[in-house]
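This report is meant for a reader who is meeting the structure for the first time. Please look over the sequence and the model before reading on.

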Amino acid sequence: MSGMVKDKTDITGLNDSEMVEALAARPVLILPIGAVESHGDHLPAGTDNLLAARLAEELARVVDGRTPLLRLPVLPFGQVWSLGDAPGSFGVSNETVTRTIVEIAMSAKAKGLSTLVVVNAHLGNAVAIRDAQRMAKEEGIVIANFFYPGAEALIVTQREKPEAHAAYMHACEIETSYMLHLAPEHVDMSKAIANYPQFPPDFSYVPYRWTEFSQSPVLGDARAATAQKGRIILEAVLANMAMQVALLYARQSEKQGMPRSA
């Protein structure tokens with residue numbers, strides 16, 4: 001539309017001439033990745049996609065202006081085995097996630113780009129992303145994986161209710177707070193619940209689908225979520241991400257013998 005300022009970091013909105021100009025700066029490529037997975041009744045199945053996409057948008061806004069970057073659209077499917085039996089879950093294999101990321105990275109390499117940042121909002125993608133990182137490294141491509149870096153220290157200060165499990169948070173006080181900050185129009189707090197299932201004693205050693213021991217995908221107390229908690233945590237996360245992206249770009253520039261953007 002006329003009068004609107006085009007977002008020059010969003011690949012989907014650029015024409016060929018604009019892409020040629022953007023690629024000439026050898027930008028860092030940002031790939032948000034999420035999943036389609038049940039998050040209870042107060043959050044949609046696309047929660048991880050919304051969070052990944054909006055975190056990537058915010059990252060483009062706060063990153064140092066001397067660090068060129070381009071944002072790809074969100075990769076919407078992830079590995080959701082743990083909640084695969086839940087009604088809102090539609091997943092793909094780890095191998096599919098890995099292969100997709102690597103092929104995107106190779107496509108970027110063909111255009112002279114060597115640094116890809118994955119903004120991941122779904123813990124279940126961790127193994128697949130790690131495998132992609134290793135495969136891409138053999139091709140001379142650096143893939144960084146950002147899964148809320150630096151959030152842990154702030155979560156401790158903001159959490160009011162106990163966590164359901166030390167290794168997992170899902171549709172709970174914290175993730176719901178993220179949504180209230182980044183995508184409040186998709187949250188229905190009137191349907192938020194507290195759910196503290198009894199985890200099997202050998203949960204840490206053998207695989208379980210969460211539907212085997214919990215009637216809800218919520219792990220914790222979503223009722224305690226607030227937009228302020230989400231903002232406090234995610235502002236720190238974004239600052240950390242922006243710093244890391246700048247370092248990645250500087251490292252790439254030094255390796256390629258290119259002057260940094262003025």
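## An enclosed space

The residues that line the largest cavity are R159, P162, E163, A164, Y168, M169, C172, L219, G220 and D221. The model in which this cavity is found is a predicted one, and the space inside the largest cavity comes to about 30 Å³. Counting cavities of 30 Å³ or more, the structure holds 1.

## The sheet and its edges

Turning from the cavity to the strands, the reader will find an open sheet of 4 strands, arranged in the order β2-β1-β3-β4 and paired in the parallel sense. Strand β2, at residues 69-71, and strand β4, at residues 142-146, stand at the edges and have a single partner strand each, so one side of each is left without a neighbour in the sheet. From one strand to the next, the twist averages 25°.

## Pairing of β1 with β3

Strand β1, which covers residues 28-33, pairs with strand β3, which covers residues 115-120, and the two run in the parallel sense over 5 bridges. Along this pairing, I30 stands opposite V117 of β3, while P32 has V119 of β3 as its bridge partner.

Helix α2, formed by residues 47-62, packs on the sheet and touches β1, β2 and β3, with a direction that makes about 155° with that of β1.

## Pairing of β3 with β4

Strand β3 is also joined to β4, and here too the strands run parallel, with 5 bridges between them. Within this pair, V119 stands opposite F146 of β4, and V119 is also the residue of β3 that serves as the bridge partner of P32.

Between the two strands, the chain passes from β3 through helix α4, at residues 126-137, to β4, and the β-α-β crossover made in this way is right-handed.

## How β3 is covered

How many of the residues of β3 are buried? The strand is mostly covered, with 6 of its 6 residues buried. Both of its faces are covered, since T115, V117 and V119 on one side are buried, as are L116, V118 and N120 on the other. V117 and V119 therefore belong to one buried side of β3, and these residues have already appeared in the pairing with β1, where V117 stands opposite I30 and V119 is the bridge partner of P32.

Conventions
Residues numbered from 1 in each chain as written. Predicted model: local features only at pLDDT ≥ 70, side-chain atom pairs only at ≥ 80, totals over all residues. Heavy atoms only, no water. Pairing = 2+ DSSP bridges. Axes fitted to C-alpha atoms, helices over the stretch in contact; angles between N-to-C directions. Contact = heavy atoms within 4.5 Å. Buried < 20%, exposed > 50% of the residue type's maximum accessible area, 1.4 Å probe, protein only. Right-handed = clockwise from strand over helix to strand, strands pointing away. 1 Å grid on protein atoms, 1.4 Å probe; cavity = no way out; pocket = protein on both sides within 12 Å on 5 of 7 lines; lining within 4 Å. Points joined across faces, edges and corners; volume = space filled by probe spheres on them.
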